[in-house]
Amino acid sequence: LSVPAVLNKLYPSSRNEIQRYSTVRGLESVEALVRTVPETPEPIETRVRGQIPAWVNGSFLRNGPGKFEFGNDKYNHWFDGMALLHQFKIEAGVVSYRSRFLRSDSYNTNCEHNRIMVSEFGTLAMPDPCKNVFQRFLSRFEMPKATDNASVSFVKYKGDYYVSTETNFMRRVDPESLDTMDKVDWSKFIAVNGATAHPHYDPDGTTYNMGNSYGKQGSLYNIIRVPSEKGAAGETLEGAQVVCSIPAVDKMKPSYYHSFAMSENYVIFIEQPIKLDLLKILTAKVRGQGLSEGICWEPKQDTVFHVCNKHTGQLSSVKYHAKPLSTFHQINAFEQDGFLVMDLGCSCVRLQSCGCVIVCVCMGLCAQPGLFFLFHFQMYNSLCRAFPRRFVLPLSVGPDTPTALNLNTLPDSSATAVKTGEGKVFCTHEDLHNSDLVDYGGLEFPQINYAHYNARKYRYFYGCGFRHLLGDSLLKVDIETKQLKVWKQPGLFPSEPVFVPAPGASEEDDGVILSVVLTPRQDKSTFLLVLDAVSFEELGRAEVPVNMPYGFHGYF
């Protein structure tokens, strides 16, 4: 058989091509979960119902947008809201809560002028009305400054806590008081224009991340390594180095990426067809548009997996291709019997309309809340869901490797990998779920027992089901059986589940799941939910008498 014939046999058009749209009606409004709330700078006690295991001791930190307007100016995009940091401090079954706005330069400047002064992802800061017409015109040609509104996640470098977004700026914070500390600029240490908010950690504390750079060679995707320890007190990113630089397929349209995958010995970068149109981004201010207008979907381009040895910096000459897909979060990656196994949450799409949905809805979720939620079910029904999928990449592919043959010989995997030419392998995925996951709207915000099973073969992962525009259920997936365990209650919207292992645990899922749960139905009815990770039954909840907006990522 020819290579195309083999691919069609292995991946017929009917297989996994269902876009999994919905026809739901009657979704309740969740606009109340994306609105400005006041901070709670001093710790307050919570009311604990049930019982939180006594061994759960520490701070559960959360990050996300919490302020969506200054004066009469309103942000156009959910991602643009000012970072609000949350802390749930758990000690011997007792929980206290506090929150503080990140005192970023963006936040302080906006507060000082009582208007939006710094452009964000989807919102362009308008010229100062106090300037004359000529000055306002000229200001359109000034390059917008990168924001330090680090509203995505908490991360660690060299033992210190930072909050991060996707620009070149991070903010060091005190995890106890939530005080804002140093402003750290990646570009002062290595030649990158930003870094992701999802680094990976080796067991010794060495941290890996990725960031883009732009120069004479065009657009480069750079793999970054930060040492585990400080050389001197007060250090931040000193000693960071670029391990490998990967040229973009299209120099003027590099791919957007939110995260990457890492195994014991490799970093896997996913070059997906969500593109950054650099010309549109550079001219966005002149055209009076936000940076988000520079994101486009190129459905005729394959997804390409780039594999780099993270110890030597050697980039594999083999490029692993797949059909167009979009992904925000990877689940895990590990090496097994000469194969690199990579699990990720992704939407597999082909049509131009599907791509438009990903760019306009996934990237613009909750934009213009008041108007958006009038039509929330129409938007939801047009959204292509993210599902957990596995790709298997053969590591030993050379000139003598046969074509037109499935190279994946792992006995427990239906994923395929076919050599289609010199240095090129085409891969298809295996679903890590049964059909019942469709009923829960797919899965996002995936988490694992990271401390003990990241970059290792594993069995369980956790996430939010999205039968609404925001997560409305918590899910546990058993990879071996593909069975689900579910926590779901009407009118409740849980955040990303974070796994905390039990001391001395002998089983992978021996621990608890922490998730902050919100509801639009009742004022000041937020609670921290604690689930037994084995049974997925509720152990307890800590009720917090404040309102919180729906956020992004957490850290325990």
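1. An open sheet of four strands follows the order β22-β23-β24-β27 with antiparallel pairing, where two strands pair if DSSP finds at least two bridges between them, and strands are DSSP runs (E, at least two residues) numbered from the N terminus. Because β22 (325–336) and β27 (430–431) each have a single partner strand, they stand at the edges, and one side of each is left without a neighbour in the sheet. Ten bridges join β22 to the antiparallel strand β23 (residues 339–348), and Leu325 has Cys348 as its bridge partner in β23.

2. This is a predicted model, in which local features need pLDDT of at least 70 and side-chain atom pairs count only at pLDDT 80 or more, while totals for chains, interfaces and linings use all residues. Residues are numbered from 1 along each chain as its sequence is written, and side-chain values use heavy atoms, with hydrogens and water left out.

3. The largest nonpolar core (buried Ala, Val, Leu, Ile, Met, Phe, Trp, Tyr and Cys residues joined through side-chain atoms within 4.5 Å) has 44 residues, and those with the most contacts inside it include Phe88, Trp487 and Leu528. Strand β34 (511–518) is among the elements that give two or more residues to this core, and β34 gives the most, with six residues. Apart from this core lies another, of 23 residues, among them Ile268 and Phe391.

4. Gly64, in strand β3 (residues 58–67), counts as buried at 2% relative accessibility, where buried means under 20% relative accessible area, exposed over 50% and partly exposed in between (1.4 Å probe, protein chains only). Leaving aside residues up to four places away in sequence, Gly64 touches Met82, Ala83, Leu84, Ser151, Gly551 and Phe552, contact being heavy atoms within 4.5 Å.
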